[in-house]
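Trainee: Please take me closely through one part of this structure and connect each detail to what surrounds it. I should be grateful if you explained every term when it appears.

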Amino acid sequence: MVQFIAVLQSWVDELGVKLLVTDVHAYIFIAVTSVVFLTGLSLIFRSTDAVEAEEAKEIKDKSEAAAPTPVTPEETISEEVVAEKMDEVVKEVFKEDPVEKVGPSWSERLKKGLSRSRSEVWGKLGGIFTSGKIDDDALEEIEEILYGADIGPATAQELIDALQEEVKKEGFGEDQFKAFLKNFLKEKMKSVQENIDSSLFEYKKAEPGLPKVIMIVGVNGAGKTTTIGKLATKLTNQGANVVVGACDTFRAAAVDQLQVWCDRAGAKMIRAKEGANPSGVGYDALSEAMSSNADYCILDTAGRLHTAENLMVELAKSKNVLKKLMPDAPHQVLLVIDAITGQNAIRQAEEFNKALDLTGLIFTKCDGSSKAGSAVAIVQKLQVPITYIGVGENVEDLNEFALNDYIDALVGN
Ligand SMILES: Nc1nc2c(ncn2[C@@H]2O[C@H](COP(=O)(O)OP(=O)(O)OP(=O)(O)O)[C@@H](O)[C@H]2O)c(=O)[nH]1
Ligand SMILES: [Mg+2]
């Protein structure tokens, strides 16, 4: 202590001031200084702690407010509840009609397709009976309409003869006439229509064997390629394996058109190798179908006029070349007929039949024509059945030709 005072005295001496302190004074001074110093320190530390504590409290309060309400174990949300909630959200977002949208049925398509023929020709027949009696004038009017209906003069005359007997019956009116008309037309086609090979429509997986070969022919633009696209789709949809031969080697666009249909249908298309002729493509397509165990081999041919003799000979050659691979091929040779052609289609059909021995007909574009009744005349004349009927450009617009449905849609109920 004495030393401490001496040190202080020496500093003060240097400043020229005399320090008048005793030991007691020094002790008191040091004690007071120490107390002040320590109090100051504690105050500093205490204030830091308070700020930190306050900040911590503030953070805690904030995080508690932001945090979700605590969930007790009993309230734990199950996966089902989550899925249900998600469904509700999805339904809300995609407010869609829950009823599946289904296109028109085939019978609706057929009725709509034949509506022109029905309203412009066949529908007029029923109206004749509104007067109540059938006299000679009425019969003449019926005969005229029938001629215009493209069922052929012979069939029209036959119908009039039979009708003259019918009208003599008691109570023969409009309903009886419609029933008579439908029955007459069905009978004219029935025996021929019964000869259709049902495997053309239905692919039965259980039936093993070599591919069924179908050759499609017709005049330019009749609807061959479109029909093949629709037909291939029908068959692949049933699980069949289909190979299509693009034998129309005249037009590159025809091959591309067919390729689009085949891609959609899931059918394999065989196209011409460099410089190949139509017969060669048919041959290649059939050998591919045989080696890949396909169920069907469908050949698209180039359109040609039935009067172009050299082209008809070429078609017959294409048909015969297939026999080198499969003696009974082709199993079907189908002529595509545009319904708009009307009565003239008989000439076409006769020539194609002469060159190729047709096994069936496909009646297309019935939707754009008022001449759908010509089917009756063609079937009667050729004694070859109609296998398919086309009533539009969509894939669903082709279906097997069902005689009763066709006549009902043509004449009306
Ligand atoms: N409205 C209607 N159009 C059809 C129908 N079938 C085919 N078509 C249309 O008729 C046109 C000709 O059809 P294609 O399939 O190219 O005829 P194609 O016989 O292959 O013609 P080519 O190969 O040139 O001889 C196309 O525009 C088809 O969409 C049908 O049933 N109804
Ligand atoms: Mg074509």
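Mentor: Aspartate 357 lies in the loop between α13 and β6 (360-364), where helices (H or I, at least four residues) and strands (E, at least two) are DSSP runs, numbered from the N terminus. This is a predicted model, in which local features need pLDDT of at least 70 and side-chain atom pairs count only at pLDDT 80 or more, while totals for chains, interfaces and linings use all residues. Residues are numbered from 1 along each chain as its sequence is written, chains are lettered from A and ligands numbered from 1 in the order in which they are written, and side-chain values use heavy atoms, with hydrogens and water left out.

Aspartate 357 is not a glycine, yet its phi is positive, at about 55°. Its relative accessible area of 57% makes it exposed; exposed means over 50% relative accessible area, buried under 20%, and partly exposed in between (1.4 Å probe, protein chains only). Glutamine 383, in the loop between α14 and β7, likewise has a positive phi, near 60°, and is a residue other than glycine.

These two loops bring us to helices α13 (residues 345-356) and α14 (residues 374-382). Two packed helices are described by the angle between their axes and the distance between the axes. The axes of α13 and α14 come within 10 Å and cross at roughly 30°; such axes are lines fitted to C-alpha atoms, for helices over the stretch in contact, and angles run from 0 to 180 degrees between N-to-C directions. The two helices are therefore roughly parallel to each other, since angles under 35 degrees count as roughly parallel, over 145 as roughly antiparallel, 65 to 115 as roughly perpendicular and the rest as oblique. The crossing of α13 past α14 is right-handed: the near helix is turned clockwise from the far one by less than a right angle, whereas an anticlockwise turn would make it left-handed.

On the side of α13, the contact (heavy atoms within 4.5 Å) is made by Ala345, Ile346, Ala349, Glu350 and Asn353, and on the side of α14 by Ala377, Ile378, Lys381 and Leu382. These residues divide into six nonpolar, one polar and two charged. In this scheme Ala, Val, Leu, Ile, Met, Phe, Trp, Tyr, Cys and Pro count as nonpolar, Asp, Glu, Lys and Arg as charged, and the others, Gly among them, as polar.

Helix α14 also meets α8 (residues 174-193), with axes that come within 9 Å and cross at roughly 45°. This pair is therefore oblique, and its crossing is left-handed. Leu185, Lys188, Met189, Val192 and Gln193 of α8 make this contact with Ala375, Val376, Val379 and Gln380 of α14. Six nonpolar, two polar and one charged residues take part.

From α8 we may continue to α5, whose axis comes within 9 Å of that of α8 and crosses it at roughly 140°. These helices, too, are therefore oblique to each other. Trp122, Leu125 and Gly126 of α5 touch Glu174, Phe177, Leu181 and Leu185 of α8.

Helix α5 (115-127) in turn is among the elements that cover the buried residues of α4, together with others including β7 (386-390), β8 (398-400) and α15 (403-411). Those buried residues of α4 (residues 106-113) are Trp106, Arg109, Leu110 and Gly113. Seen down the axis of α4, they fall within an arc of 100°, so they line one face of the helix; the arc is that of the directions from the helix axis to the C-beta atoms.

Strand β7 holds threonine 387, which is buried at 1% relative accessibility. Residues up to four places away in sequence set aside, threonine 387 touches a list of residues that includes Ile196, Leu334, Ile362 and Phe401. Alanine 402, in the loop between β8 and α15, is partly exposed at 32% relative accessibility. Its C-alpha atom is separated by 8.7 Å from that of glutamine 193, although the two are 209 residues apart along the chain.

For the wider setting, the chain has 15 helices and eight strands, and 42% of its 413 residues are buried. Among contacts between residues at least 6 apart in sequence, 76% join residues at least 24 apart.
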